[in-house]
Amino acid sequence: MTYRVQTVAVLGASPRPRRFSHQAVLALSRQGHRVIPVHPRPGEIGGWPVATRLEAIREPVDTLTLYLGPQRSQAVTQAIVALAPGRVILNPGTESPELEAELDGAGIPWVHDCTLRMLDGGRF
């Protein structure tokens, strides 16, 4: 299987191994992607240094995969738009008409999908 290595920000990354966001960090890493876990507490997740805010990311992001529910993502909508990722993956439970409208207005493609399933199916 051939794919393009990407820089992927995981917004809502968790240090807890049972969380899907943690599993996504590990799966992305196993496939060779550069991962930027985003979590309010500094440290590392899956061996990658944590960015405590989206605004701390200083490099282009190909994909932002979202693991924050709509209530929490509202507070970071403008930071997501300012980051200008190549696309946004809205994992199950993160769907937000407000965020989707902002992404549309900024010309940022988005998709409702599951990062883990996309990786497993070669659709990432």
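## Contacts, charges and a buried helix face

E100 touches L90, E95, W110 and H112, leaving aside residues up to four places away in sequence. Keep in mind that this is a predicted model. E100 sits in helix α4, which covers residues 97-106. Is E100 buried or exposed? Its relative accessibility is 11%, and buried means under 20%, so E100 counts as buried. For a sense of distance, take V50: E100 and V50 are 50 residues apart along the chain, and their C-alpha atoms are separated by 25 Å.

Now for A82, in helix α3 (residues 77-83). A82 has a relative accessible area of 64%, and with exposed meaning over 50%, A82 is therefore exposed. The C-alpha atoms of A82 and A106 are 9.1 Å apart, with the two positions 24 residues apart along the chain counted as their separation.

Helix α1 spans residues 20-30, and its buried residues are S21, H22, A24, V25, A27 and L28. What do these buried residues pack against? Their partners are the strands β1 (7-11), β2, β3 and β4 (48-49), together with helix α5 (115-120). Just after α1 comes G32, which takes a positive phi of about 90°.

On to the charges. Side chains of opposite charge can pair when their charged atoms come close. How many salt bridges does the structure hold? The count is four, and the table gives three of the pairs, including R4 with D62.

| Salt bridge | Closest N and O atoms |
|---|---|
| R4 and D62 | 3.6 Å apart |
| E55 and R53 | 3.4 Å apart |
| D113 and R123 | 2.7 Å apart |

Start with the salt bridge between R4 and D62. R4 lies in the segment before β1, while D62 is in the loop between β4 and β5 (63-66), so this pair ties together parts that are 58 residues apart in sequence. As for how open the two ends are, R4 is exposed, with a relative accessible area of 52%, and D62 is partly exposed at 24%.

D113 and R123 form another of the salt bridges. This pair links distant parts of the chain: D113 belongs to the loop between β7 (110-112) and α5, R123 belongs to the segment after α5, and the two are 10 residues apart. R123 is partly exposed, with a relative accessible area of 45%.

Then there is E55, whose salt-bridge partner is R53. E55 counts as partly exposed at 39% relative accessibility, and R53 is partly exposed too, with a relative accessible area of 47%.

Some arginines come together in another way. Which residues form the positive surface patch? They are R16, R19, R41 and R72. One of them, R41, lies in the loop between β2 (34-38) and β3 (44-45). Why does R41 count as exposed? Its relative accessibility is 56% and the cut-off for exposed is over 50%, so R41 falls on the exposed side. Strands β2 and β3, which flank the loop holding R41, are also among the elements that the buried residues of α1 pack against.

Definitions and conventions
Residues numbered from 1 in each chain as written. Predicted model: local features only at pLDDT ≥ 70, side-chain atom pairs only at ≥ 80, totals over all residues. Heavy atoms only, no water. Patch = residues over 30% accessible without salt bridge, like charges linked within 9 Å, V, L, I, M, F, W, Y side chains within 5 Å. Areas by Shrake-Rupley, 256 points an atom, 1.4 Å probe, with all protein chains shown as cover. Salt bridge = Lys/Arg side-chain N within 4 Å of Asp/Glu carboxyl O. Lys, Arg positive; Asp, Glu negative; His and termini not counted. Charge placed at Lys NZ, Arg CZ, Asp CG, Glu CD. Helix = DSSP H or I, 4+ residues; strand = E, 2+ residues; numbered from the N terminus. Buried < 20%, exposed > 50% of the residue type's maximum accessible area, 1.4 Å probe, protein only. Contact = heavy atoms within 4.5 Å.
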